[in-house]
Each structure stands twice: as C-alpha cells, then as structure tokens.
Amino acid sequence: MDGFVNRYSCVLRFGKRGDKACNHYHKEKSEIFYALHGELRVVLQDIVTGEREELHLTAGDNRFIYVPSTVAHVVVSETDDDALLVLA
C-alpha cells in the first residue's frame, strides 16, 4: 500500500444478506476495506486484464483488503446488518 493517502473515510451499512454496494472502479484513487460487523464478500476485477477474484472479510479477523485503481469492486453482504469501513 505504498503511496496510499487516506483522504476520507466512510462506513457502509448493509441491512440484509445479499445487499450490494460499490460496483464501480476508480481511474486514479485506491481504497481499503475493513469489516466492522458481520461477513462480506468482495468481488474484484481488473478492468485491464479481466482477472477476477473473490475475497471474504469477517469482522474480528483484523484483515484489510486493498483495492488499487482500475480494479472494479462490488461488496456483497453475507449476513444481516453488516458494516464496512472504506478508506479512500
């Protein structure tokens, strides 16, 4: 995560299993995801190479996901009442 500068932070709340957020990419900025509550699935796809990856975040695992620019991302709630911290 060399060069990452946190310009803003937000918390995304998911009410029920299957709720989705994001589903976009950024040309220049990177983001970092951290599960605050529940379980989340993060689907990443490099818009240049088409390479796709699915990752899981669970609150309490103390794990971050770094999403570089030009990587499309969607976050899917795996349980009810999930929360995701986004640093960008």
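Two residues count as in contact when heavy atoms of theirs lie within 4.5 Å. By that yardstick, 76% of the contacts in the protein with a separation of 6 or more are between residues 24 or more positions apart.

Some ground rules before going on. This is a predicted model, with local features needing pLDDT of at least 70, side-chain atom pairs counting only at pLDDT 80 or more, and totals for chains, interfaces and linings using all residues. Residues are numbered from 1 along each chain as its sequence is written, and side-chain values use heavy atoms, with hydrogens and water left out.

**Overall build**

There are zero helices here and eight strands (DSSP runs numbered from the N terminus: H or I of at least four residues for helices, E of at least two for strands). Along the sequence that reads β-β-β-β-β-β-β-β. The radius of gyration is 12 Å, close to the 12 Å from the globule rule for 88 residues, so the protein is as compact as a globular protein of that length. Both numbers rest on a simple recipe: the radius is taken over C-alpha atoms, and the rule is 2.2 Å times the number of residues to the power 0.38. Along the principal axes, the C-alpha atoms fill a box of roughly 35 × 25 × 20 Å.

As for the surface, about 5,400 Å² is accessible, and carbon and sulfur atoms hold 47% of that (Shrake-Rupley method, 1.4 Å probe). Of the 88 residues, 35% are buried, meaning under 20% relative accessible area, with exposed being over 50% and partly exposed in between.

**The core**

In soluble globular proteins, nonpolar side chains tend to be buried together. In this model the largest nonpolar core has 15 residues, and Phe33, Val42, Leu44, Leu57, Ile65, Val75 and Leu84 touch the most other members. Such a core is a set of buried Ala, Val, Leu, Ile, Met, Phe, Trp, Tyr and Cys residues joined through side-chain atoms within 4.5 Å. At least two core residues come from each of strand 3 (31–37), strand 4 (39–46), strand 5 (52–58), strand 6 (64–67), strand 7 (71–77) and strand 8 (82–87). Strand 4 gives the most, with three.

Take Leu84: leaving aside neighbours within four places in sequence, its contacts include Cys10, Val11, Leu12, Phe14, Phe33, Leu57 and Val75.

**Four partly exposed residues**

| Residue | Relative accessible area |
|---|---|
| Asp46 | 22% |
| Cys22 | 26% |
| Thr70 | 26% |
| Ala59 | 27% |

Asp46 sits in strand 4. Its C-alpha is 4.3 Å from that of Val71, although the two are 25 residues apart along the chain. Beyond the neighbours within four places in sequence, Asp46 is in contact with Glu51, Thr70 and Val71.

Thr70, one of those partners, belongs to the loop between strand 6 and strand 7. Its phi is positive, about 65°, though it is not a glycine. Cys22, in strand 2 (residues 20–24), also has a positive phi, near 80°. Most residues other than glycine have a negative phi.

Ala59 is in the loop between strand 5 and strand 6. Not counting residues up to four places away in sequence, Ala59 touches Ala35, Leu36, His37 and Gly38. Ala59 and Ala83 are 24 residues apart in sequence, and their C-alpha atoms are 8.7 Å apart in space.

Note on methods: Buried means under 20% relative accessible area, exposed over 50%, partly exposed in between (1.4 Å probe, protein chains only).
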